[in-house]
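Dear colleague,

I am passing on the structure below, and after it I describe what was found in it. Please keep it open beside this message while you read.

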Amino acid sequence: MQLLYSWRGAVWILVYLLFILAPLFALLVAPLPPTRGFWTEFSVAIGYSGLAMMGLQFGLTARFRYVTEPWGEDVIYHFHRQISLLAVGLVVVHPVIMFAVQPELLALPRYKEVPWGAVFAFVSVFSLLTLVVMALWRAKLKIPYEIWHLTHIALAIVAVTGGLLHMVGWSFYLVDPWKRSLWIGLTIFWIGLLLYVRIVKPLFMLRRPYRISEVRQERGDTTTLVMQPDGHPGFQFSPGQFAWLTVWGSPFRITGHPFSFSSSAAAKAGCVEMSVRNLGDFTKEIPKVPVGKRVYLDGPYGAFTIGNPADMHVLIAGGVGVTPMMSMIRTLADRGDNRPVILLYGSNDWESITFREELETLKARLNLTVVHVLANPPAGWTGETGFINAKTFKRHLPPPYSDHEYFICGPGVMMDAIEQALGEMGVPMAKYHSERYSFV
């Protein structure tokens, strides 16, 4: 399976590069317009590349399961963020170089004399810069996630449309019919991706709703939603995977929210559970969801799942990061897996440990060891305190450490520290898996 994923991943990388580089190759094919100097042509080339990257962002966030499976959705979204910054950089550098080599372009003509291609260039760059500022500083600006998501999509569409109209307005490289056809084809492809995400996929979800059959309160201000498929058999998922949940409104609603499955993947077909901690915004409404309410799921997604050869599973969770770990533990128990499982579970205090009692019960069904690490332990506590680190691993894990398979989920700072500790212990990157739910 890993070999298959590697081949598929390599193929999709080549396809991505083809879409990015095709416009550049088109510049080099005859017939060629008169040359305008190296820096001018270089500026145009990076502008074309930046525009192609921008258009493909619709594909990176389209959640094509077959495409994202080799890496996991969180990796794809992380790549989306990084490549978006590169695309914005290329688009911004394009006019900077043009102004540097042709200072006369800075002379502001009268309003009626401004070329419409230049107007759309300004609209595109302004939209991109606004998009980046809102994405990088959303939390500091206190922009609600739902409003940010809607604005993000609108600005992306305006930026790409403005870039295309700017290119058409100058049309220096679009005189040849087949070059025009290339960009027309790319534009149709980008529009198709957008229509798929916003119309085709929601239509499919609309025909496969779920009903809330139980709302269960857990420790740690966490609520579990138990969902049954309504009029269809549901889907199978792997332990550790997640889905986008839409509770209020139809699947055509712009914003869904990603949550891990907490139920066993070996449970009865169709029934799924998600356990959500109250972190504000959307999550504070979860306890109010009534039994019988219709909801929609887009999933399953993610490569954060068990299945690789290993002598034992080491699960490292912080706070609500225990949710995908519970799915793994419950699944292993239902399958009768006899390999050792060690859960290193970081919590604030003893009373806020989600699934505390069930974890004790599950010890009777599989070879499970639970190590609680408390930041604020009660009086008389003799267990681990503080934070999970390399010393914690060495006290509870048998060597050689590189033989185990590790799964990490929790706050970003905790995950960074644990990944660094595993590296210092000689654990190769192929042996540990991290799930980061930062899709903004």
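Let me begin with one residue: Thr-40 is buried, since its relative accessible area is 4%, and buried means under 20%. Please bear in mind throughout that this is a predicted model. Thr-40 lies in helix α2, and, if its neighbours within four places in sequence are left aside, Thr-40 is in contact with Met-98, Val-101 and Gln-102.

Helix α2 also brings us to the interior. The largest nonpolar core has 40 residues, and those with the most contacts inside it are Met-54, Trp-183 and Trp-190. At least two residues of this core are supplied by each of the helices α1 (2-27), α2 (38-60), α4 (73-101), α5 (116-136), α7 (145-170) and α8 (177-206). Which helix gives the largest share of this core? That share, eleven residues, comes from α2. If you would like to follow a single side chain through this region, Met-54 is a useful one to select, for, not counting residues up to four places away in sequence, Met-54 touches Ala-87, Val-91, Ser-124, Leu-128, Ala-159 and Val-160. Apart from this core lies another, of 24 residues, and among them are Ala-333, Leu-343, Phe-355 and Leu-366.

Leu-343 will come up again in the sheet. Six strands form an open sheet in which the order is β10-β9-β8-β7-β11-β12 and the pairing is parallel. Why is one side of β10 (384-385) and of β12 (432-435) left without a neighbour in the sheet? Both stand at the edges, and each has a single partner strand, so there is no neighbour on one side of either. Strand β7 (residues 313-318) pairs with strand β8 (residues 341-347) in the parallel sense, over six bridges. One place to look at this pairing is Leu-315, whose bridge partner in β8 is Leu-343, a residue that also belongs to the core of 24 residues.

Turning to the surface, you will find a nonpolar patch there formed by Ile-191, Leu-195, Ile-199, Val-200, Leu-203, Leu-206 and Phe-252, which together have about 580 Å² of accessible area. Leu-206, one of these residues, lies in helix α8. Leu-206 counts as partly exposed because its relative accessible area is 37%, a value that falls between the limits of 20% and 50%.

Some details of the backbone deserve a careful look as well. A cis peptide bond, with omega about 0 degrees, joins Gly-299 and Pro-300, and Pro-300 is found in strand β6 (residues 294-301). The peptide bond from Pro-399 to Pro-400 is also cis, with omega near 0 degrees, but Pro-400 is found in the loop between α11 (390-396) and β11 (405-409).

Which sign does phi have at Lys-142? Although Lys-142 is not a glycine, its phi is positive, at about 60 degrees. Lys-142 is found in the loop between α6 (138-141) and α7, and it is exposed, with a relative accessible area of 73%. Asp-221, which is not a glycine either, has a positive phi of about 55 degrees, and the place of Asp-221 is in the loop between β1 (210-218) and β2 (222-229).

With best wishes

Definitions and conventions:
Residues are numbered from 1 along each chain as its sequence is written. This is a predicted model: local features need pLDDT of at least 70, side-chain atom pairs count only at pLDDT 80 or more; totals for chains, interfaces and linings use all residues. Side-chain values use heavy atoms; hydrogens and water are left out. A nonpolar core is a set of buried Ala, Val, Leu, Ile, Met, Phe, Trp, Tyr and Cys residues joined through side-chain atoms within 4.5 Å. Buried means under 20% relative accessible area, exposed over 50%, partly exposed in between (1.4 Å probe, protein chains only). Helices (H or I, at least four residues) and strands (E, at least two) are DSSP runs, numbered from the N terminus. Contact means heavy atoms within 4.5 Å. Patches are made of residues with over 30% relative accessible area and no salt bridge: like charges are joined within 9 Å, nonpolar side chains (Val, Leu, Ile, Met, Phe, Trp, Tyr) within 5 Å. Accessible areas come from the Shrake-Rupley method with a 1.4 Å probe; for residues, only the protein chains shown count as cover. A salt bridge is a side-chain nitrogen of Lys or Arg within 4 Å of a carboxyl oxygen of Asp or Glu. Two strands pair if DSSP finds at least two bridges between them.
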